[in-house]
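Grab a pencil and work through these exercises with the model open beside you. Each one comes with a solution to check against.

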Amino acid sequence: MSQFPVLPLRDIVVFPHMIVPLFVGRDKSVAALEAAMAADKEIFLVAQVDPAEDDPVREDLYEMGVTATVLQLLKLPDGTVRVLVEGKQRARLGELTTGDKGHLLATLDLVGGEESDEQTPETAALMRSVVDQFENYAKLNRKLPAETAVQLGEIDNAAQLADAVAANINVKVADKQALLVELDAAKRLEMGFALMEGELGVLQVEKKIKSRVKRQMEKTQREYYLNEQLKAIQRELGNEGEEGDGDEIAELTQKIATLKLSKEARTKATAELKKLKTMAPMSAEATVVRNYLDVLLGLPWGKKSKIKRDIAAAQAVLDEDHYALEKVKDRIVEYLAVQARTNKLKGPILCLVGPPGVGKTSLGKSIAKATGREFIRQSLGGVRDEAEIRGHRRTYIGSLPGKIVTNLKKAGASNPLFLLDEIDKLGQDFRGDPASALLEVLDPEQNARFNDHYLEIDIDLSDVMFVCTANTLNLPQPLLDRMEIIRLEGYTEDEKVEIAERHLIAKQIEAHGLKEGEFTLTNEGLRALIQRYTREAGVRTLEREIAKLARKALRQILEGKATSVTVTPDNLADYAGVQKYRHGLSETENQIGAVTGLAWTEVGGELLTIESVTVPGKGAAKVTGKLGDVMKESIETAFSFVKARAPSYGIKPSLFHRKDVHIHLPEGAVPKDGPSAGIGMVTSIVSTLTGIPIRKEVAMTGEVTLRGRVLPIGGLKEKLLAALRGGITTVLIPQENEKDLAEIPANVKEGMTIIPVSHVDEVLRLALTEPLEAIDWTDADELAALPPAPIAPAGGELHH
Ligand SMILES: Nc1ncnc2c1ncn2[C@@H]1O[C@H](COP(=O)(O)OP(=O)(O)OP(=O)(O)O)[C@@H](O)[C@H]1O
Ligand SMILES: [Mg+2]
């Protein structure tokens, strides 16, 4: 029995048919290799029980090993050796001796013959499942080259397969040794399978852990990255990247601490801030909360303008800004005086009522100036939603506070002057009644605790001074009850001239950038402008016309056609365009049936023509001209009155059997209503029926009763102003309105003859060009004048 040089292996078990590279460093091992190379290159490879043992003796080595052939040997410069060996056959260690070079020599008991080619179906099945298992194993174990599994699949010998598997799996030396020891191939396959199974489990867990760790890492990294990006974006947007939300919160906290919030507001703000802290800074909810805090903290908590209490100064400011309006200004100053003394605003709300362009809005502004309050104009025209006043609940997306809160924030002081403009244009629909919300705002008893739906807390409006404006008193009664009405009537021509010369012209010169002396409108020119281009109660159109002149003048100057422009009545048309109104009489001749009435409308007084003619008919009255019910009834009344008194006015009653009267009020498309045209109707009808013309210079107003009494009317000043504008010289007014003349400017009264009347007979005497002559009228005459009656067929019915 031959002896083999022994190469003890520290951490590897070599199997038959395996080719493995080995690094050999121990002297004894190098010597063993040299001995093998000197002979037939055969060597015995056996694993050490304890890999740390440097100089193993018999007990340190396993019993089973393999014989192997050295295929290559390479001596490295440092004295170690690299060899490539191929395992041959299992062998048991016999006797161990030391060779001449100091290396180990062993006698071997070769174990072989168990590697039969014969395959039972079980081994075949076993082999297949081992190969499958190995494939799975190889997939998880990255250290194995991918083709190893393929190579294993090609082995058809069970023993060889078992060894190949054993060599390739990554298990402990002891386990591998056990595989080497087992001689039964089938058992070895089973053992290999079991080892891979265990190993697979471990690998799977390992993989899971790895990917979990990786995911975790990725998530943290991703968040970090995104956050950095976000900061960069915010910085780009100018949101001061450095002071991020931390500072925002600090700022809000600071605000809450320092502002003079009400207790309720402080609680609410603190709660909202707490919510905000827990939210992602850029989320939608956070934006909602932030907006809310903006509004709440933006209100003028504890900030007040210093109120001027000097009444004389207030009067001076009002006088400076507005010409005329003496009574109105007096009333306003009285109101301010009470406030200055009582220090309270409790009391009715001022409401300035009057036609357009008489200075209601601008008076409001002056009051603010006179009292040192911030001025906030809040137009109510077209507001039809309660939420516009009171805000939307925060549950709605994009909800906002109401106008009151928004404007209060804008005012920046808790005691501004709120001008509620055009309060009569307030709408009302299914979304709730804005007027009722206003009630709460305007009621001094309630407005210390005004509740805005958005803010959800009460705010104090008791320091706000409210002033309303309106064109008509067409307001809900509860609102009216809270207001003190101050009426502004229209201006007379002289007042308009003064207003224009004191304010409007200078204002337009400045607005158009014209220089001193470049634009002049002479007094006569101005008067002509008022007479021929405007017909209004206020001065708005006048202001616009002046602006037009200024514009045209500026253009001429810039075009170099003139260095300065003076507008006189002669060149007015060049600048103002075609004359719009004919100043003077509304009628140029005395006419039959055409009366000048006086009407009062939202836009001031107006001249109203009443026309009538007779048409064939049966004594009925026909009316046209878009008349309201009251006016239609007043025509019925007038007509009945005339019928009843016909003979005394020289009208034959038989006329009513042949004629109808058609009464029309131009302009036909403008709605008209009211009873005050009554005496005008009577006059028109009488004139038509008698053929006596009406004096063109007379205008009249007054309601008429069935017995001819003249009843008083409203809006006298407006009507008189309209008459004056229209060039009327005589105005007939109801006797009972005579007392109102005290309030009419002197120049109006001087410009016309105003005659109070109490009965229609007086009216007719004054208005008709000829006196009426009563006729004698008897029933006999009446019968004779009747048309022949149709003769009915005797005893039969009348067929048509
Ligand atoms: N008495 C006045 N003195 C000086 N300027 C006046 C006077 N009255 C009106 N104005 C001027 O006329 C212009 C129109 O007045 P404003 O806008 O106040 O009218 P308003 O009464 O509010 O009309 P509306 O009912 O149409 O709102 C303003 O430029 C105003 O300054
Ligand atoms: Mg206005």
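Here are three exercises, after a quick note on conventions.

This is a predicted model, where local features need pLDDT of at least 70, side-chain atom pairs count only at pLDDT 80 or more, and totals for chains, interfaces and linings use all residues. Residues are numbered from 1 along each chain as its sequence is written, chains are lettered from A and ligands numbered from 1 in the order in which they are written, and side-chain values use heavy atoms, leaving out hydrogens and water.

**Exercise 1.** Work out how H21 and H23 pack.

Step 1: The axes of H21 (residues 629-644) and H23 (residues 678-690) sit 9 Å apart, at an angle of about 45°. That makes the pair oblique (not under 35 degrees, over 145, or 65 to 115).

Step 2: Look at who touches whom, with contact meaning heavy atoms within 4.5 Å. On the H21 side you'll find Phe 639 and Val 642, among others, and H23 brings residues including Met 681 and Leu 689.

Step 3: Sort that contact by class: eleven nonpolar, two polar and no charged residues.

**Exercise 2.** Which residues of H14 are buried?

Step 1: Using under 20% relative accessible area as buried, pick out Ile 404, Val 405, Asn 407, Leu 408 and Ala 411.

Step 2: Look down the axis of H14: the buried residues fall within an arc of 165°, so they line one face.

Step 3: Go just past H14 to Gly 412, where phi is positive, near 75°.

**Exercise 3.** Place Glu 53.

Step 1: Find Glu 53 in the loop between S3 (42-47) and S4 (64-75).

Step 2: Its contacts, not counting residues up to four places away in sequence, are Arg 10, Arg 26, Gln 48 and Asp 60.

Technical notes:
Axes fitted to C-alpha atoms, helices over the stretch in contact; angles between N-to-C directions. Helix = DSSP H or I, 4+ residues; strand = E, 2+ residues; numbered from the N terminus. Nonpolar A, V, L, I, M, F, W, Y, C, P; charged D, E, K, R; others polar. Buried < 20%, exposed > 50% of the residue type's maximum accessible area, 1.4 Å probe, protein only. Arc of directions from axis to C-beta.
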